[in-house]
Each structure stands twice: as structure tokens, then as C-alpha cells.
Amino acid sequence: MSNSTRIVVTGAGGFIGHHLVKRLRAEGHWVRGADLKAPEYEATDANEFEILDLRKFENCLLSVRGGIDHVYNLAADMGGIGFITANRAEVARNNILINAHMLEASRLQGVKRFLFSSSACVYAQSKQKEADVTPLREEDAYPADPEPGYGWEKLYAEQLCTYYWQDYRFPTRIVRFHNVYGPLGTYEGGREKAPAAICRKVALARDSGTIEIWGDGDQTRSFMYIDDCVEGLIRLMASDYSEPLNLGTERLISINGLVDLVSDLAGKQLRKMHDLSKPQGVRGRNSDNRLLREVLRWEPSISLEQGLNFTYAWIERELAKAGRNRKVVTA
């Protein structure tokens, strides 16, 4: 991309979108952010930020007016496993509207390139029944058996992007996120993901206390730090690759293992209390990065320990500023 690139980031009030805006602006690009809400933890760096309900087509047209070159469509109704399993109809409906309208509005407004943020939730559940899961390759999304609700709407939107290329020659990029985490993201309220939830619980727990874990804790995932995610997004947008592409790490870890890592960072010894009544998603999920390495000549490199260290420290400070733990906040 040249420094004169005009870019729209939808979902710019959210976690990944906010970090992406910061990176794009630091590289000298002109950026418009669009979302239902402004960023929660710090001001946006966008040249323009507009509060828009992108479920409405007229707002999508408005968001991409003015000779926009690239659209990163990150806007989505989403959350952790508890939220998406409890709100399947609402999540699917909202996201189908956002994605269909943003695609068509971008095509009509002459956008040169469009990136759709999909998810590893599109992968067939039958391939994710073991904790020691075989890493998922892009073709493992078919035969289709994705996560109910959220996974189905993501898989449908991937197909819609493909149809827009086939029918209109509208250039699209499709990224499948695998569990992104880091500072400046939601860490409580029901929409937070596992790393943020665990960091919050550990920060609030007393040493030698107890921490609640959803499920038996043996379910496994891979986790990618936000800076690697943003780097991958920019590289994919700049590429000529139009098929779905994994963006994640290949390091598989159990939720119990994740709790142990965060507890070590906090210098705490904690007992685990497992709540088997809570949703825990598929048994195992990991990213196969062979195609990512081939297409982008790159893959995420920030270690889980390093990323969790940054994330835990930020969440601990946020809780301390709110007077919710005994950590002394220093300048």
C-alpha cells in the first residue's frame, strides 16, 4: 500500500479494529473508522470516526463514500463461547446483515479491495472432538458442520465473498481468526474471550485462592497476540490471495495450561474449580499454518508467555484503577 491509501475499518470501536487503525495510521494511511460505539479504553487514531449501525444498508454506503481504496470489514456481533451460544439467532442475523450490506456497498462505491474477517468457528465440529486435535487446514471447513449460529453465518459470508469475485470480479480477502487476545480488549461482561477472562479472574483472586474454570479445563486452543494479528491482516490485504486463510498460531494449549501460565505470571498459587455446567465449545482447535507460510512468507511469532505478560499487566492495571484489586497503580 502507498501512504496515500484511503482505508475504512469497520468495527473500529472494537478490539482488533482499534489496534488495526492505530497501525494503519502509524504507517501514514488515511483511515475512517465505523462502528456502533467508540473505542472503550482509549481514543481512536482514525482521521474520521463515525457512529454507524452497519446492519442498515444506507449506513454502509455512507461508511465507504469518498473514494475508498480498502475496506477491512471487522464489524461483528460477537463474544466468548457463553455469549455466542446463548444468542445464536441475534448474532447470526446481525452479522449476515452487516456482511451482505458492506460487500454490496463497497462494490457500488468502487472500493478496490475488501477484507472479510471470518473465524475458526467455520471448521467442521466433527474434526474437533479430541483435545489432541489435528491442526485444521483451510479445506477442513467442508463438508460443512460449523459452530451453530456464529460459525454458520461466517461460512455463509465467506461464500458470499467468493460469489462477489465470481460474478462481479470484486476483489475480496478472507481471513479465519484463531483466538486473538491482547490489551485494550473486553475482559468482562460476557463477551470476553478465554485469555482475558482468565487474566481477570487471576488478577482478582487472592494467592492460594480458587479460580473458576468453564468445563473440565482439558479443552484445547491456540492463541494469537494482537500485534501478530494486525501484521497478518495487513499482509493478507496486500497479497493477491482470495481464498480463506488461517491466521493463528500452531501452539496448542489446554485451558488448564493457560490458567497455569497466567498464574505463574501473577506469582500466585491457585486452586482450580471446574464448572461442568458451563459451555466450553469444541474439544480441541488448532491452526495449520502451512498455507499461511506459503502465501504470506510469514507467520505469527510472539510467544504466548510474552503476549499474556502484556495482557495480564494491562488488565491488572485496569482493575486496580477501578479499585477492584489491591495492586498499586504506578506511573
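**Cysteines**

Begin with the cysteine sulfur atoms of this predicted model: the count of disulfides comes to 0. Select C121 and display its sulfur together with that of C229. C121 takes part in no disulfide, and the nearest cysteine sulfur, which belongs to C229, is 14 Å away. Because a disulfide requires two cysteine sulfur atoms within 2.5 Å, the separation of 14 Å for C121 leaves this pair outside the criterion. C121 is buried, its relative accessible area being 9%.

Move next to C161 and show C60 alongside. C161 is likewise in no disulfide; here the nearest cysteine sulfur is that of C60, at 13 Å. The relative accessible area of C161 is 1%, so this residue is classed as buried.

**Salt bridges**

Turn now to the charged side chains. Side chains of opposite charge can pair when their charged atoms come close. In this model the count of salt bridges comes to 25.

Select E231 and R23. Their side chains form a salt bridge with an N to O distance of 2.8 Å. E231 belongs to helix α7 (residues 226-238) and R23 to helix α1 (residues 15-26), so the pair ties together parts of the chain that are 208 residues apart in sequence. R23 is partly exposed, with a relative accessible area of 26%. Extend the selection to E27 and R235: together with R23 and E231, these residues are linked in a network of salt bridges.

The next stop is R32 with E48, whose side chains meet in a salt bridge at 2.9 Å, N to O. R32 is located in strand β2 (residues 30-35) and E48 in strand β3 (residues 48-51), so this pair ties together parts that are 16 residues apart in sequence. Is each partner buried or partly exposed? R32 is buried, at a relative accessible area of 3%, whereas E48 is partly exposed, at 29%.

Proceed to E188 and R324. The closest N and O atoms of this salt bridge are 2.8 Å apart. The pair links distant parts of the chain, 136 residues apart: E188 is in the loop between β7 and α6, and R324 is in the segment after α10 (304-321). E188 is partly exposed, with a relative accessible area of 30%; R324 is also partly exposed, with a value of 38%.

**The loop around E192**

Remain in the loop between β7 (180-181) and α6 (194-204), and select E192, which lies there. E192 is buried, with a relative accessible area of 13%. Which backbone nitrogen atoms should be displayed around its side chain? One is that of G190, which lies 2.7 Å from a polar atom of the E192 side chain. Another is that of G189, which the side chain of E192 reaches at 3.4 Å.

Then widen the view to the surroundings of E192. Beyond its neighbours within four places in sequence, E192 is in contact with G80, T186, Y187, A197 and R200. Finally, add G79 and draw a line between the C-alpha atoms of G79 and E192: the two residues are 113 residues apart along the chain, yet these atoms are separated by 5.8 Å.

Key
Residues are numbered from 1 along each chain as its sequence is written. This is a predicted model: local features need pLDDT of at least 70, side-chain atom pairs count only at pLDDT 80 or more; totals for chains, interfaces and linings use all residues. Side-chain values use heavy atoms; hydrogens and water are left out. Helices (H or I, at least four residues) and strands (E, at least two) are DSSP runs, numbered from the N terminus. Buried means under 20% relative accessible area, exposed over 50%, partly exposed in between (1.4 Å probe, protein chains only). Contact means heavy atoms within 4.5 Å. A polar contact is a pair of N or O atoms within 3.5 Å; within protein, one must be able to donate a hydrogen and the other to accept it, and residues adjacent in sequence count only if both atoms are side-chain atoms. A salt bridge is a side-chain nitrogen of Lys or Arg within 4 Å of a carboxyl oxygen of Asp or Glu.
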